[in-house]
There are 2 protein chains.
Amino acid sequence: MAVKIALVGTGTVGGGCLDILDAHRDDFIRHYGVDLQLVRVCSRKGDTAAAHGLADIFTDDYREVIADPEAQLVVELVGGTGVARDIVAGALKAGKSVVTANKALMATCGEELFALAEAHGCELAFEASVGGGIPIIDPLKHSLIANGITSVMGIVNGTTNYMLTRMAQEGLAYEEVLADAQQRGFAEADPSADVDGIDAAAKIAILASIAFNSRVTLDDVYAEGIRRITPVDLAAARDMGYAVKLLALARRTPRGIDVRVHPTMIPLAHQMAKVDGVFNAIYVVGDAVGEAMFFGEGAGAGPAASAVMGDVVDVARRLQQGMPPAVGCTCTDELPIVPVEELSTRYYLRLTVPDRIGVLAAASQVFSDNDVSLRSVVQEGTSARDAVDLFFVTHTAVERNIRAALDELAARPDMLLAEPTVIRVEE
Amino acid sequence: MAVKIALVGTGTVGGGCLDILDAHRDDFIRHYGVDLQLVRVCSRKGDTAAAHGLADIFTDDYREVIADPEAQLVVELVGGTGVARDIVAGALKAGKSVVTANKALMATCGEELFALAEAHGCELAFEASVGGGIPIIDPLKHSLIANGITSVMGIVNGTTNYMLTRMAQEGLAYEEVLADAQQRGFAEADPSADVDGIDAAAKIAILASIAFNSRVTLDDVYAEGIRRITPVDLAAARDMGYAVKLLALARRTPRGIDVRVHPTMIPLAHQMAKVDGVFNAIYVVGDAVGEAMFFGEGAGAGPAASAVMGDVVDVARRLQQGMPPAVGCTCTDELPIVPVEELSTRYYLRLTVPDRIGVLAAASQVFSDNDVSLRSVVQEGTSARDAVDLFFVTHTAVERNIRAALDELAARPDMLLAEPTVIRVEE
């Protein structure tokens, strides 16, 4: 008996899924006994469906998909938290299992959707929501399940990793690489979700929830993007033996879950420092497995469709065999989120200040007054004649104190000529 | 209802499993509703069982475990293909599911054991047989299932990777690092399974079987070890921009499966070149996912036990819910194995020859006579006064011709002063 599938959304990833079905439907039957039959394709426009010879099962109304008594499994590739939420919730309420690539939806409405899935005996799978084609959610839920996971670190946004890599390797400015990334289709016209760390924040919320068995939502994640990073910072970091990556981190601490996204200096010798360009990687530390890293292409039609269709084959196999849904929500614990102000780490700070006698001493004094101990201070000229850059690296300091020091510096009329650059250091 | 488990083998990995049970049994209940109850521990000696307070359920006779009507799931950590085979086959015949870390067994008796599992409605899980704690078998069987996999490459033997890393970084000789590895417990007293590539061959046989849905056994894998690699070769490789790794490779080609283990030159910029020390990594290329890499600790109590207990929780969950076994054998195709003689690649060859006029020309002529086109030849002195090393790098050549050329050189009484070093080049 074929498993009847409806696909909603025929953009890049949806097209990739149709390609996989065209190429491998017979393989799925032969190798795994799973017969996937597409019964509905839904999108705003019908051209992709038509190109795949699916015009006869096309609709532009998702409510038809939800109302379709035949469809057992709905693949949601619309994205966002508006109509996508109606589609996923509607499908689950109608007793249909759902496969989605929607990180924003899972990171904001996960609890509601898991409850619906459970109430209606359906499955909700979302491997593609993090890391494109990289298997990470399934490994966390299965192979690594016997571990107490202590931390998850990810380079989970290909756009910013591509930008930081080119800025570091070619000394290009942020604006320049952003324009290039937009031209190549690696960045969107409004790049904020990527460059401000929102996309990465949704992904680490999902990973943290699974790794720590405790609900973490997008709102729980402190996020800082890469807008203030310059080639000067990347060169300074390299001189100190570090690469700068937009890292999404989640750590289990005695006080709760420490979860954040920000530019981060990581030692050049670390595996994560070598993840360049549009590649993604997720680094997991568990009490038994030690360190494990998952690396691959984080975006694009093929990788994302690989993850979506992997879920589809898996869920369809269970549907076909009449098996109950696999593991649903495992957020059994309610761990608090540690406020970012309590973070204790080392900091790199670059302040652009007027080129005058005593400025270094004055700035250093402000840090000292705020209980921030400095490890090194370097003063260097900038392209502007009357300005110098002060590069500070702190000993381990508390975020609250760093912020107080920066506020105090900003309040002085004759001190900061630009917003300071802050990069946290991970060892 | 608790799932009743028997553990056979209480060495390093078995001890690690007991540690995980001690630490996380309550977590498994709370997070996943899986209650693991150890009902039997079997080993030749009872001290580990006693140390975990399990003397009352200890036996030194594995037949008692198989005969135990209570045990639903047997964990086999004995290793090898002797008694381990009796344990696994016996357990399956008795209707018990099995979790094993035994690569040699799976790579030689996989077909027989899968048939037994299917006949008796049991599950046979073996994530720990490849790559220690790195999730790779589960991802190949689930997240990556929608891909046509085209190649799998692995650094899957930590002992040899540790040795090659130290030889490359410190210029140490093979014998020196072997002795050191033995002292640290990274290599066994008889190191042949590791240094001759047998261990890696078993692992790539398992990975190839899953990736290509076609049975590959240990005997199908051409294996060459690292005994002839010297620091001179590693330095020469580095000068050319390559790292040397003992690579286990499996490729799907139009003529069948190309599967082998040998020292391999890989570009320094490749992710796999950066996998050093006792770490393992498996690199997968699929038609949808593109490149993906899985990295982690390939050996040791914790990592291996992480993989074993991940399988145990997964299988136990299905047993507890009365679900049928997950995917069993998926070797539905019968692809031929491509003989290694037909391999077509580039080669690095180092010949130690007498230091006399014309030797380079004579050796070069032999390659030319055998249809091997040379890309570069370098002659350098050795520590011996009367010998020089000739370093050849070929253009793409056929293995059969390389072997004919080396045989012809070996047959000349005045040519080779030592066994030549052969390293295949992967781009």
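**Exercise 1. In which sense do E12(A) and strand E12 of chain B pair, and over how many bridges?**

Some ground rules come before the solution. This is a predicted model, in which local features need pLDDT of at least 70, side-chain atom pairs count only at pLDDT 80 or more, and totals for chains, interfaces and linings use all residues. Residues are numbered from 1 along each chain as its sequence is written, while chains are lettered from A and ligands numbered from 1 in the order in which they are written.

Solution.
- Fix the elements. Helices (H or I, at least four residues) and strands (E, at least two) are DSSP runs, numbered from the N terminus.
- Fix the pairing rule. Two strands pair if DSSP finds at least two bridges between them.
- Apply it. E12(A) pairs with E12(B), residues 290-297, in the antiparallel sense over 5 bridges.
- Locate one position. A:Met293 stands opposite B:Phe295 in E12(B).

**Exercise 2. Find the operation that lays chain A on chain B.**

Solution.
- Superpose by least squares on the C-alpha atoms of residues with pLDDT of at least 70 in both copies.
- Read the result. The RMSD is 0.0 Å, after a turn of 180° and a shift of 0.0 Å along the axis.
- Interpret it. The two copies are therefore related as by a two-fold rotation axis.
- Find the C-alpha of chain A nearest the axis. That atom belongs to A:Phe294, 2.4 Å from the axis.
- Check the surfaces. Both copies use the same one: 100% of the contact residues of chain A recur in chain B.

**Exercise 3. Describe the side of chain A that touches chain B.**

Solution.
- Set the cut-off. Two residues are in contact if their C-beta atoms, placed from the backbone, lie within 7 Å.
- Count. Chain A brings 49 residues and chain B brings 49 residues.
- Assign elements. In chain A, H1 (12-32), H6 (137-141), E12 (290-297) and H12 (301-320) each supply at least two residues.
- Rank. H12(A) gives the most, with 9 residues.
- Classify. Ala, Val, Leu, Ile, Met, Phe, Trp, Tyr, Cys and Pro count as nonpolar, Asp, Glu, Lys and Arg as charged, and the others, Gly among them, as polar. This side has 23 nonpolar, 19 polar and 7 charged residues.

**Exercise 4. Place E15(B) among its partner strands.**

Solution.
- E13(B), residues 344-354, runs antiparallel to E15(B), joined by 7 bridges. B:Leu351 stands opposite B:Leu390.
- E14(B), residues 374-381, also runs antiparallel to E15(B), joined by 7 bridges. B:Ser376 has B:Val393 as its bridge partner.
- A hairpin of 5 residues joins E14(B) to E15(B).
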